[in-house]
Amino acid sequence: MDAKSAASASSTTAKRKFIASGRLIDIYAVECKLCSKWRKIDTQEEYEEIRSRQREDPFVCNKKEGVSCKDAADLNYDSSRTWVIDKPGLPKTPRGFKRSLILRKDYSKMDAYYITPTGKRLKSRNEIAAFIEANQDYSYAPLEDFNFTVPKVMEDTIPSTTVHGGLTIRSRPRTISHPRKIIN
């Protein structure tokens, strides 16, 4: 294997480790303003749309097709999952880009990244500005729509740790994001 192939293989391994080492959000949920029941949201895009309008147009059950406040909750806020609270009013991710939130192994906080339409991971507003400058096809994406504010990890839902054979093991790897309330 030549140096170029080795560097490429190393880069691929690093990407895999990054994704595998973190915990991604796997369920999006919103709390109904009227009945306080939790409703699952099917896609990240739909969730971001609701979150971006949460202050001026709060979510209520009947906004989800075929659902009313009389129906049972989709989820219960409890410690069976790790919950995080997203700040309401954050802008939707620009078309073609994807906002990725990864929970740190120690559950201390989340890290925010943006994945470009070309698959590149960007970690700062400066990297986004440089990417858009170098790729004018994406100039439609306003820089202010890229927000690195991360959800707050709800401490009462962080899994307990156990030490087994020298390894720290945490239960419940699932993470839920929701725009429940404003965090200062």
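In this predicted model, the backbone oxygen of asparagine 147 lies 3.3 Å from a polar atom of the arginine 99 side chain. That side chain also reaches a second backbone oxygen, the one belonging to threonine 149, at 2.3 Å. Arginine 99 is a good place to start a tour, so to speak, and the rest of the chain can be picked up from there.

## Around arginine 99

Arginine 99 belongs to strand S5. Is this residue buried or exposed? Its relative accessibility is 4%, under the 20% limit, and it therefore counts as buried. Once neighbours within four places in sequence are set aside, the contacts of arginine 99 include Glu48, Arg51, Asp86 and Leu90. Thr93, Tyr113 and Tyr114 are also among them, and so are Asn147, Phe148, Thr149 and Val150.

Another of the residues that arginine 99 touches is Gln44. Glutamine 44 sits in helix H2, which covers residues 44-53. With a relative accessible area of 12%, glutamine 44 is buried. Beyond its neighbours within four places in sequence, glutamine 44 is in contact with Tyr28, Lys98 and Arg99.

## The sheet that holds S5

Which strands make up the open sheet, and in what order? There are 4 of them, arranged S1-S5-S6-S7 with antiparallel pairing. Strand S1 (23-24) and strand S7 (121-122) form the edges, each pairing on one side only. S1 and S5 (residues 98-103) run antiparallel and are joined by 2 bridges. Within that pairing, leucine 24 of S1 has isoleucine 102 of S5 as its bridge partner.

## Strand S4 and its partner

Strand S4 spans residues 82-85, and its side chains alternate: Thr82 and Val84 point one way, Trp83 and Ile85 the other way. All four are buried. S4 is joined by 2 bridges to strand S8 (residues 152-153), and the two run antiparallel. Isoleucine 85 stands opposite lysine 152 of S8.

Follow the chain on from S8 and you come to the loop leading to strand S9 (161-164), where aspartate 156 lies. Aspartate 156 has a relative accessible area of 52%, and because exposed means over 50%, it falls in that class. How far apart are the C-alpha atoms of aspartate 156 and tryptophan 83? They are separated by 8.7 Å, although the residues are 73 apart along the chain. Not counting residues up to four places away in sequence, aspartate 156 touches Tyr77 and Ser79. With tyrosine 77, the link is a polar contact between the two side chains, at 2.8 Å.

The side-chain polar contacts mentioned so far can be set side by side:

| Side chain | Partner | Distance |
|---|---|---|
| Arginine 99 | Asparagine 147, backbone oxygen | 3.3 Å |
| Arginine 99 | Threonine 149, backbone oxygen | 2.3 Å |
| Aspartate 156 | Tyrosine 77, side chain | 2.8 Å |

## The cysteines

How many disulfides does the structure hold? The count is 0. Cysteine 32 is in no disulfide, and its nearest cysteine sulfur, that of cysteine 61, is 3.6 Å away. Cysteine 32 is buried, with a relative accessible area of 2%.

Why is cysteine 69 not bonded to cysteine 35? The sulfur of cysteine 35 is the closest cysteine sulfur to that of cysteine 69, but at 3.6 Å it is too far for a bond, because a disulfide needs the two sulfurs within 2.5 Å. Cysteine 69 is partly exposed, with 27% relative accessibility.

## The chain as a whole

Stepping back, the chain has 3 helices and 11 strands. Read along the sequence, they follow the pattern α-β-β-β-α-β-β-β-β-α-β-β-β-β. Of the 184 residues in the chain, 36% are buried. The exposed surface comes to about 11000 Å², with carbon and sulfur atoms supplying 49% of it. Among contacts with a separation of 6 or more, 66% are between residues 24 or more positions apart.

## How confident the model is

The mean pLDDT of the chain is 81, and 75% of its residues reach 70 or more. Where does pLDDT stay under 50? That stretch is residues 1-21, for which the model has 5 contacts beyond four places in sequence.

Methods: Residues numbered from 1 in each chain as written. Predicted model: local features only at pLDDT ≥ 70, side-chain atom pairs only at ≥ 80, totals over all residues. Heavy atoms only, no water. Buried < 20%, exposed > 50% of the residue type's maximum accessible area, 1.4 Å probe, protein only. Pairing = 2+ DSSP bridges. Contact = heavy atoms within 4.5 Å. Polar contact = N/O pair within 3.5 Å; in protein donor to acceptor, adjacent residues only side chain to side chain. Areas by Shrake-Rupley, 256 points an atom, 1.4 Å probe, with all protein chains shown as cover. pLDDT = per-residue confidence, 0-100.
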